[in-house]
Amino acid sequence: MPSLVIVGAQWGDEGKGKIVDYLTSNADWVVRFHGGNNAGHTLVVNGVKTKLHLIPSGILRHQAKNLIGAGVVLNPFVLLQEIAGLRASGIEVTPERLIIDREASLLLPYHEALDRARESALGDKKIGTTGRGVGPAYEDRAARCGLRVADFTDLATLEDKFRSSLALKAKVLLSLYQSEDKINPDQQWAALAEAREQLLPHIGNGSLLLEGALKRNERVVFEGAQGTFLDPVFGTVPFVTSSSTLAGAATTGCGVGPRALDFVLGVVKAYTTRVGSGPFPTELIDDSGDLLRARGAEYGTTTGRPRRCGWFDVMVLKRAVRLNGLDALALTKLDVLSGFKKIRVCVGYKLEGKVLDDMPALSHELDRVEPQYVDLDGWNEDLTGIKAWADLPAAARSYIGAIAEMVGCPISAVSVAAERRAMLFSENAGFINEFIG
Ligand code: IMP
């Protein structure tokens with residue numbers, strides 16, 4: 001059975017959680033391969049809302065095993081809180097159902113303190129991070145001084161490494177940032193040792209487990225976090241996250257080779273949003289933007305921050321198709337556009353009178369591009385109860401067809417409400433139907 005990679009095609013918050021949840025109805029494995037608890041996936045099943053930050057969305061599917069892959073930076077305290085929350089709502093979280101890769105990196109409280117101190121030192125030049133310590137944790141991994149989940153298996157070495165890292169970070173915090181963060185090494189060590197005890201049974205060898213799963217033809221979903229343009233290399237640098245958000249990262253983030261990835265699905269919102277700072281050519285700072293925010297409940301799952309809202313951008317999507325090798329798109333939140341008389345779509349950029357063939361690499365240039373718009377007809381009908389593609393209003397079908405053609409990628413699925421069931425499939429959804437079938 002083939003494997004499926006699901007990634008966000010814009011700046012995150014595209015609704016990946018719901019799409020992953022839907023497509024895991026028959027999955028054997030759901031794997032997170034990068035990021036940390038900066039991610040926030042909201043799932044609505046039978047009217048009950050679940051928010052996940054670290055645990056793969058497959059935890060809500062009783063047959064699926066869930067792997068937090070080696071590419072993730074794992075905050076053990078947040079993970080334990082998430083496990084406790086799921087158990088309290090009756091979801092089974094056993095070591096068989098939730099495996100943490102031994103090679104994943106640990107994200108510890110001093111990373112959060114550094115993230116916060118650095119952002120406040122940047123003042124109005126801040127990135128607008130989620131403040132979860134993700135950047136500093138990946139820096140430690142690159143600098144080869146970070147702690148890993150494997151360190152949990154050797155208590156004495158863990159304590160030694162933890163105390164020396166903590167002492168060093170306390171010095172950096174004080175000397176560079178005059179940070180007021182109070183660090184009590186004994187208290188912090190006691191908390192980590194306790195968390196370790198609880199997480200030990202979940203530690204596994206992800207790469208080996210996936211090799212076996214793929215050989216047995218089990219269905220594997222690789223669940224991306226954030227979005228294409230938060231990638232630290234190809235995104236809107238420096239207003240990006242610190243792990244690769246592209247489909248290719250599914251290989252290095254859980255220890256499988258590129259041939260293990262059979263199909264790449266991009267999740268894209270019917271309009272555009274972003275949280276935090278950074279360029280956003282089609283942003284609407286007007287009533288239409290407020291309307292999108294209100295109707296789409298565009299507030300961050302992790303931080304609660306209001307999301308910036310704007311029109312759909314074909315330039316962004318064309319680049320996302322190329323960077324990820326997208327085979328198809330799943331379009332989310334189409335229902336939010338009901339009631340707009342005209343729906344604008346950005347089809348190109350001009351900079352100083354010149355037509356651009358791609359997004360500029362410099363953020364301050366992307367800030368200055370002039371979006372070239374076409375206006376498409378809107379529709380008034382409420383889409384939330386619609387059960388079949390053919391029942392969508394003609395103008396909604398035209399909108400879908402027009403953006404698929406301009407972007408150069410088929411749209412195989414459309415989501416019309418937050419509920420798990422509210423998904424429509426087009427006639428070109430062959431792979432997806434087979435995958436969930
Ligand atoms: P960090 O990942 O917390 O370092 O934040 C870096 C940038 O990525 C900020 O603009 C965040 O708002 C953004 N970001 C990080 N995670 C997510 C996410 O899951 N959804 C949307 N934006 C995110």
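User: Which residue in S10 is the bridge partner of valine 5?

Analyst: The partner of valine 5 in S10 is phenylalanine 222. This is a predicted model, in which local features need pLDDT of at least 70 and side-chain atom pairs count only at pLDDT 80 or more, while totals for chains, interfaces and linings use all residues. Residues are numbered from 1 along each chain as its sequence is written, and side-chain values use heavy atoms, leaving out hydrogens and water.

User: What makes S1 and S10 a pair of strands?

Analyst: Two strands pair if DSSP finds at least two bridges between them, and 4 bridges join S1 (residues 3–8) to S10 (residues 220–223), so the criterion is met. The two strands run parallel, and both belong to an open sheet of 10 strands with mixed pairing, in the order S9-S7-S5-S2-S10-S1-S11-S15-S19-S20.

User: Why are S9 and S20 called edge strands?

Analyst: S9 (203–204) and S20 (423–425) each pair on one side only. As for the word strand, it denotes a DSSP run of E with at least two residues, whereas a helix is a run of H or I with at least four, and both are numbered from the N terminus.

User: How do you know which strands helix H7 lies across?

Analyst: Helix H7 (residues 206–215) lies across S1, S2 (29–32), S5 (65–68), S7 (98–101), S9 and S10, where contact means heavy atoms within 4.5 Å. Helix H7 runs at about 145° to S2, an angle taken on a scale from 0 to 180 degrees between N-to-C directions of axes fitted to C-alpha atoms, for helices over the stretch in contact.

User: What makes the ligand's contacts with asparagine 38, threonine 130 and threonine 241 polar contacts?

Analyst: A polar contact is a pair of N or O atoms within 3.5 Å. An oxygen atom of the ligand is 2.8 Å from an N or O atom in the side chain of asparagine 38, 2.6 Å is the corresponding value for the side chain of threonine 130, and a polar side-chain atom of threonine 241 lies 2.6 Å from a ligand oxygen, so each of these pairs falls within the cut-off. The protein covers 96% of the 470 Å² of accessible area that the ligand has on its own, by the Shrake-Rupley method with a 1.4 Å probe.

User: How many residues surround the ligand, and how do they divide by type?

Analyst: There are 16 residues around the ligand, the closest being Asp13, Asn38, Thr130, Thr241 and Arg305, where near means a heavy atom within 4 Å. The shell divides into 6 nonpolar, 8 polar and 2 charged residues.

User: What is unusual about the backbone at aspartate 13 and at proline 238?

Analyst: Most residues other than glycine have a negative phi, and most peptide bonds are trans. Aspartate 13, in the loop between S1 and helix H1 (16–23), has a positive phi of about 60°. Proline 238 is found in the loop between S10 and helix H8 (249–252), and the peptide bond leading to proline 238 from valine 237 is cis, with omega near 5°.

User: How do you know the sense in which S16 pairs with S14, S18 and S17?

Analyst: S16 (residues 342–351) pairs with S14 (residues 312–313) in the parallel sense over 2 bridges, with phenylalanine 312 opposite valine 345. The pairing of S16 with S18 (residues 370–377) is antiparallel over 8 bridges, and cysteine 346 has tyrosine 373 as its bridge partner. S17 (residues 354–355) is joined to S16 by 2 bridges, also running antiparallel, and in the turn of their hairpin glutamate 352 has a positive phi of about 50°.

Notes. A polar contact is a pair of N or O atoms within 3.5 Å; within protein, one must be able to donate a hydrogen and the other to accept it, and residues adjacent in sequence count only if both atoms are side-chain atoms. Ala, Val, Leu, Ile, Met, Phe, Trp, Tyr, Cys and Pro count as nonpolar, Asp, Glu, Lys and Arg as charged, and the others, Gly among them, as polar.
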